[in-house]
Amino acid sequence: MRLLAVATALAASTGCGDWTDAATRIAFDLEAGTRQLGGADGARHSIRHATPSKAGECTGPYKVQIDKVGALVVWCYDTEGRTVSSHSTTYHSRFVETPKTYHLEKPAQAPLIIDLERRGGRAVIIDVR
């Protein structure tokens, strides 16, 4: 019984980002953004992900790759340019299509903006900046 209570608490808090990584939190933002995107073709919505999105994580410059095969990867660097962590997920591909691959290098504390558009009933990433 106690194990079930711990598992339930862990599952409930995971959605809040307590035990997630940078890539998964961006994927959660994409999932939420598709719910805010209008249902009619041509509807648009922009997602602003403040990276680093968790205190003490990814404090230097970072690189993001969102590719057309469904992967989302984030690399975090220190001030000397050394990789300190990397994170990846495919969770977002359930909610959005990515017709082309995006590679961005962002300075420390710079937000990530992802533009969505409804096309053929699906949410599509049309720009990442």
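Start by selecting Glu-97 and Val-124: Val-124, in strand E8, is the bridge partner of Glu-97. You are looking at a predicted model, in which local features need pLDDT of at least 70, side-chain atom pairs count only at pLDDT 80 or more, and totals for chains, interfaces and linings use all residues. Residues are numbered from 1 along each chain as its sequence is written, and side-chain values use heavy atoms, with hydrogens and water left out.

**Around E8**

Now show E5 (residues 96-97) and E8 (residues 122-128) in full; they pair in the parallel sense over 2 bridges. Strands (E, at least two residues) and helices (H or I, at least four) are DSSP runs, numbered from the N terminus, and two strands pair if DSSP finds at least two bridges between them. Next add E7 (residues 112-119), which pairs with E8 in the antiparallel sense over 6 bridges. Pick Arg-119 and you will find its bridge partner in E8, Arg-122. E7 and E8 form a hairpin with 2 residues between them, and Gly-120 in that turn has a positive phi of about 55 degrees.

**The open sheet**

Move on to E4, E3, E2 and E6, in that order: this is an open sheet of 4 strands with antiparallel pairing. E4 and E6 are the edge strands, each pairing on one side only. Neighbouring strands of this sheet are turned by 10 degrees against each other on average, direction ignored. Inside the sheet, E2 and E3 run antiparallel and are joined by 5 bridges; to see one of these pairs, select Val-64 and its bridge partner in E3, Val-74. H2 packs on the sheet, touching E3 and E4, and its direction makes about 135 degrees with that of E3. For such angles, axes are lines fitted to C-alpha atoms, for helices over the stretch in contact, and the angles run from 0 to 180 degrees between N-to-C directions; contact means heavy atoms within 4.5 Å.

**Helix H2**

Stay with H2 and zoom in on its N-terminal end, which Asp-21 caps: a side-chain oxygen lies 3.0 Å from the backbone nitrogen of Ala-23. Then colour the buried residues of H2, among them Ala-23, Ile-26, Ala-27 and Leu-30. Here buried means under 20% relative accessible area, exposed over 50%, and partly exposed in between (1.4 Å probe, protein chains only). The buried residues of H2 pack against E1 (44-49), E3, E4, E5, E7 and E8.

**The core**

Which residues touch the most other members of the largest nonpolar core? Of its 23 residues, these are Leu-30, Val-74, Leu-112, Ile-114, Leu-116, Ile-125 and Val-128. H2 supplies the largest share of this core, 4 residues. A nonpolar core is a set of buried Ala, Val, Leu, Ile, Met, Phe, Trp, Tyr and Cys residues joined through side-chain atoms within 4.5 Å. Centre on Leu-112 and show its contacts, including Ile-26, Ile-47, Tyr-62, Val-64, Leu-104 and Val-128.

**Three last stops**

Select Thr-89, in strand E4 (residues 83-89). Thr-89 is buried, with a relative accessible area of 14%, and touches residues including Ala-23, Ala-27 and Leu-72. A polar atom of the Thr-89 side chain lies 3.1 Å from the backbone nitrogen of Tyr-91.

Then visit Cys-58, in the loop between E1 and E2. Cys-58 has a positive phi of about 55 degrees although it is not a glycine, and is buried at a relative accessible area of 7%.

Finish at Gln-109, in the loop between E6 and E7. Phi of Gln-109 is also positive, near 70 degrees. Is Gln-109 buried or exposed? At 53% relative accessibility, Gln-109 counts as exposed.

Technical notes
A polar contact is a pair of N or O atoms within 3.5 Å; within protein, one must be able to donate a hydrogen and the other to accept it, and residues adjacent in sequence count only if both atoms are side-chain atoms. Lists of a residue's contacts leave out its neighbours within four places in sequence.
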